[in-house]
Amino acid sequence: YPTILLEYQKILDKNGKLIFKTDNDGLFEDTLEYLKESPFEIESVSFDYDGLDSFDAPTEYETKFRAKGVSIKRLIAKIKED
């Protein structure tokens, strides 16, 4: 939600990143829309994230859904520069 994005902006330092992963297509699409009107800009988007990023540990749910063939969506966003 937009209010949560504002909270993330408050706690992240200026070089911080917001990393969001989900198996839920609707939630991911909504998040992309919310980000358009937020203080964040999207750096990358994947609708079928492979999980091979070296700093990104898979969650229990991510592992479970991957095993069922469900694609994981992921985005990385950062605070917009002035």
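Which residues do ring pairs link into a cluster? In this predicted model, the residues are F20, F28 and F47. The following report describes the overall fold, then the aromatic pairs, the nonpolar core and the largest pocket.

**Overall fold**

The secondary structure of the protein consists of three helices and three strands. Along the sequence, these elements follow the pattern α-β-α-β-α-β. When taken along the principal axes, the box filled by the C-alpha atoms is roughly 40 × 25 × 20 Å. The protein has 82 residues, of which 26% count as buried. Among contacts with a separation of 6 or more, 75% are accounted for by residues 24 or more positions apart.

**Aromatic pairs**

Across the whole structure, a search finds three aromatic pairs. Two of the pairs are set out below.

| Ring pair | Distance between centres | Angle between planes | Arrangement |
|---|---|---|---|
| F20 and F28 | 6.3 Å | 5 degrees | stacked |
| F28 and F47 | 5.4 Å | 85 degrees | edge-to-face |

The pair of F28 and F47 links distant parts of the chain, its members being 19 residues apart. F28 belongs to helix α2 (residues 25–36), whereas F47 is located in the loop between β2 (40–46) and α3 (60–67). The arrangements follow from the plane angles: the rings of F20 and F28 have planes at 5 degrees, so that pair is stacked, while the planes of F28 and F47 are at 85 degrees, so that pair is edge-to-face.

The accessibility of the three residues can be given in turn. F28 has a relative accessible area of 1% and is therefore buried. F20, at 22%, is partly exposed. F47 is also partly exposed, with a relative accessible area of 44%.

**Nonpolar core**

F28 also appears among the nine residues of the largest nonpolar core. The other members of this core are L5, L18, L32, L35, F40, L75, A77 and I79. Helix α2 and strand β3 (73–79) each supply at least two residues of the core. In soluble globular proteins, nonpolar side chains tend to be buried together.

The surroundings of L5 can be described in further detail. With its neighbours within four places in sequence left aside, L5 is in contact with L18, Y34, L35, S38 and F40. Of these partners, L18, L35 and F40 are members of the largest nonpolar core, as is L5 itself.

**Largest pocket**

The volume of the largest pocket is about 270 Å³. Its lining is formed by Y1, I4, L5, Y8, L18, I19, F20, L27, D30, T31 and Y34. Two or more residues of the lining come from each of α1 (2–11), β1 (17–22) and α2. Helix α2 gives the largest share, four residues. Classified by residue type, the lining has nine nonpolar residues, one polar residue and one charged residue.

Several residues already described recur in this lining. L5 and L18 line the pocket and are also part of the largest nonpolar core. F20 lines the pocket and takes part in the ring cluster with F28 and F47.

D30, another lining residue, is found in helix α2. Its relative accessibility is 40%, and D30 therefore counts as partly exposed. D30 and T59 are 29 residues apart along the chain, and their C-alpha atoms are separated by 21 Å.

Note on methods
Residues are numbered from 1 along each chain as its sequence is written. This is a predicted model: local features need pLDDT of at least 70, side-chain atom pairs count only at pLDDT 80 or more; totals for chains, interfaces and linings use all residues. Side-chain values use heavy atoms; hydrogens and water are left out. Rings of Phe, Tyr and Trp (its six-membered ring) pair if their centres lie within 6.5 Å; planes under 30 degrees apart count as stacked, over 60 as edge-to-face and the rest as tilted. Buried means under 20% relative accessible area, exposed over 50%, partly exposed in between (1.4 Å probe, protein chains only). On a 1 Å grid over the protein atoms alone, a cavity is a set of points where a 1.4 Å probe fits but cannot get out, and a pocket is an open set with protein on both sides within 12 Å along at least five of seven lines; lining residues have an atom within 4 Å of a point. Grid points are joined across faces, edges and corners, and a volume is the space filled by probe spheres set on the points. Ala, Val, Leu, Ile, Met, Phe, Trp, Tyr, Cys and Pro count as nonpolar, Asp, Glu, Lys and Arg as charged, and the others, Gly among them, as polar. A nonpolar core is a set of buried Ala, Val, Leu, Ile, Met, Phe, Trp, Tyr and Cys residues joined through side-chain atoms within 4.5 Å. Contact means heavy atoms within 4.5 Å.
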